[in-house]
Protein chains: 2
Amino acid sequence: MLDVIADSLGLDRERVEGLVRSRVIRIRGYRGLLYASLRRELAGYPEGTVVIFGRDWSRVIHGYPPIQRAVLLRVAVPRHFIDRVVVEEKLNGYNVRVALIDDRVVAITRGGLICPYTTARLNRLLGPKLREALRELGPEEHYLAGEVIGLENPYTRYFYPEAPRFGYFVFDVFREGKPLPPRRRDEVTEKHGVPHVPVLGIVDKDNVDEIRGIIAKLHREGREGVVLKDPEYRVNPLKYTTPATNIGDLRIGMRFFMEEGRSFLFSRILREIFRAYEEGLEGPKLDSLALELGSAILRPAIETVKQIARGEMVAEEFELEFANADELNEFLDYMASLGIDLIVEKTWEENGYLRARIKKPKDTWIEVRKILETGLTPID
Amino acid sequence: MLDVIADSLGLDRERVEGLVRSRVIRIRGYRGLLYASLRRELAGYPEGTVVIFGRDWSRVIHGYPPIQRAVLLRVAVPRHFIDRVVVEEKLNGYNVRVALIDDRVVAITRGGLICPYTTARLNRLLGPKLREALRELGPEEHYLAGEVIGLENPYTRYFYPEAPRFGYFVFDVFREGKPLPPRRRDEVTEKHGVPHVPVLGIVDKDNVDEIRGIIAKLHREGREGVVLKDPEYRVNPLKYTTPATNIGDLRIGMRFFMEEGRSFLFSRILREIFRAYEEGLEGPKLDSLALELGSAILRPAIETVKQIARGEMVAEEFELEFANADELNEFLDYMASLGIDLIVEKTWEENGYLRARIKKPKDTWIEVRKILETGLTPID
């Protein structure tokens, strides 16, 4: 097995042994499939790359590459792009690569793990369509990357009217680590009834105002932002998020302020600093942003402290859907193997499915209880 | 020399060799004195501990121990203290230990370096008084710890009417790493005309309201906060800062937002979260805190971006006083040895001293210029 990993990634066998020992390479299984996943960039393969093995075959699925963030659109867009720019909506969910392995549709998270919950839901929602699309593309070299959105997942929860519970929207089709042009992605997915992310416009790179208009509209609708792509993928994409998201993220994240903390806060504040600069906000408009920012930071955090002081537990809560108890247990085992012990509050049957209300306890709960007890902070 | 360090700290010679190589122990000189300083806690000695050697002697000066921060006074004070609490003013400057080495008054920074500037200024201001105080205490085992405040120093700049330019206020007298009771500190320093930090009250530990009253007054005066001590130093002190400082620090720090960033932001926000909770702030009062917080974060940062966009350099500026050009050069060499290249803008003579206007360039300048040029952020 180590030989297969070494061959697949072009590394020495000894190097691979060392990396497995130091847990940079993690070996895992999913329903009889064995795979290795990279916890950081290695030998040109991005973090989250997986190598999946069968008896006599192996498959490399590249990690999804990080996308650079623009903070000054007027500077970045004309400078970065060549001629035209495809403006696609950035959906707020989690990044999932889908591949056909041994003719099974498998869902791989950004971190490079096969998530049993996502795989099962995706199969129920779009299994045959995804299989057909990948078969046409050539399932040995191709895989899809897209966003899972909706409320019924264990990772992120934003409500989207187009997929209130669980949806999947493809944003890239990859062939051995290289993305196909957006037009080709749309042809293939549309032919097979697989949803793709909305294309909101194709504009000239010097027409930044049109892009800003699109973003302003998304902001008013409380949506996340855009990914800007070259129509032929000759240069890497860029992302930009709406202030609704920057501030909204803080508002949600600060509920669990002890886990999010530092970088989370700083990165979002940075975006707003440069947006306020680019848009020339001042006077009452800047005050209103300052109030919104300050409130998004303080209010959810104070609410959490109060809640814990009242003796309530602070946890993320979600409702998930399973085919049966086995599928639920498989998911709980998977999360436990990541060090996350979930609490199943309640299960019930609905339309032939097993539904579960689940709590994910937060470190904030433990940390804040300690502060409430001692009055002292562990930090500085 | 390594043997002396090993003996003084109770470590193996080999261990010391390794620590010097890995730069945990740093060897330095100051005007013919050689010393080693610890860059982290080691064998029970706090970070910033120094070992100073002469031909046939050596001296250990313990690092100043970190002081825990209270964020909920009503909980922390009654729980932490035994009976009574000495409320001392926490001054906003930098922590300096003063020892008599070979009959010379030497100033050691928190990090464990002999600062030539601080040493020279302190000698001019209080040299004979400090020497007398230490001689009476026993200069072999005793040293002082205090705050340097005022505008004329290269590290911090807060204006204090009682020491507008350069002042030193003792907050602890140590005997071999153990602090003497506050009363004893006051006796010795007052006898020799050495200033000590203001003692604002000695209160019963259950009278938290009186402490809060003292803090409220400091807040209205824009002063930093308090250090709470046991009268006999039977338990460690605690510190608490006024909101004026928490928010004011952000306002000052965010001017150089790329260097301060993360932990700096988070730790101050944390203090305000628990203060707002403890004081039960809500409605318009919470809004006004949120606005103040948001403004302190955004406004100085946006101002810096604008300044850099106009082509101006972003740097800290300060004015220092030297006896002569040699003393200035010794200071510049010292800062350069710390990796800080200062720019001397202007020098002139005044009342027999050499004054210098100095700029310390900031990373924020470089980072923001990069963002203004590319429109992209290095941070997600």
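Here are a few notes on this predicted model, going from the domains of chain A to the contact between the chains and then to some details of chain B.

1. **Domains of chain A.** A good way in is to split chain A into its four parts: domain 1 covers 2-61, domain 2 covers 68-240, domain 3 covers 244-300 and domain 4 covers 315-361. If you want a feel for the spacing, take domain 1 and domain 4 of chain A: their C-alpha centres are 29 Å apart.

2. **Where the chains meet.** Chain A brings 44 residues into contact with 45 residues of chain B. On the chain A side, several elements supply at least two residues each, namely β5 (68-70), α3 (73-80), α8 (257-278), α9 (283-309), α11 (363-374) and β18 (376-377). Which element gives the largest share of that side? That would be α9(A), with 14 residues. As for the kinds of residue, the side of chain A that touches chain B has 28 nonpolar ones, along with nine polar and seven charged.

3. **A strand pairing across the chains.** Have a look at β18(A), too: two bridges link this strand to β5 of chain B (residues 68-70), and the two run antiparallel. Within that pairing, Leu376(A) sits opposite Ala70(B).

4. **An open sheet in chain B.** Over in chain B, three strands make an open, antiparallel sheet, and their order is β15-β17-β16. At the edges are β15 (315-322) and β16 (343-350), each of them pairing on one side only. Ignoring direction, neighbouring strands here are turned by 15° against each other on average.

5. **One pairing from that sheet.** To follow a single pair, pick β16(B) and β17(B), the latter being residues 353-361: seven bridges join them, and they run antiparallel. Trp348(B) is a handy landmark, as it stands opposite Arg355(B) of β17(B).

6. **Two packed helices in chain B.** Finally, how do α9 and α11 of chain B pack? Helix α9 (residues 283-309) meets helix α11 (residues 363-374) at an angle of about 75°, and their axes are 10 Å apart. Angles of 65 to 115 degrees count as roughly perpendicular, so α9(B) and α11(B) are roughly perpendicular to each other. From α9(B), the contact uses Thr304(B), Val305(B), Ile308(B) and Ala309(B), while α11(B) brings in Thr364(B), Trp365(B), Val368(B), Arg369(B) and Leu372(B). Sorted by class, this helix contact has six nonpolar, two polar and one charged residues.

Technical notes. Residues are numbered from 1 along each chain as its sequence is written. Chains are lettered from A and ligands numbered from 1 in the order in which they are written. This is a predicted model: local features need pLDDT of at least 70, side-chain atom pairs count only at pLDDT 80 or more; totals for chains, interfaces and linings use all residues. Two strands pair if DSSP finds at least two bridges between them. Helices (H or I, at least four residues) and strands (E, at least two) are DSSP runs, numbered from the N terminus. Axes are lines fitted to C-alpha atoms, for helices over the stretch in contact, and angles run from 0 to 180 degrees between N-to-C directions. Domain bounds come from an automatic or database domain assignment. Two residues are in contact if their C-beta atoms, placed from the backbone, lie within 7 Å. Ala, Val, Leu, Ile, Met, Phe, Trp, Tyr, Cys and Pro count as nonpolar, Asp, Glu, Lys and Arg as charged, and the others, Gly among them, as polar. Angles under 35 degrees count as roughly parallel, over 145 as roughly antiparallel, 65 to 115 as roughly perpendicular and the rest as oblique.
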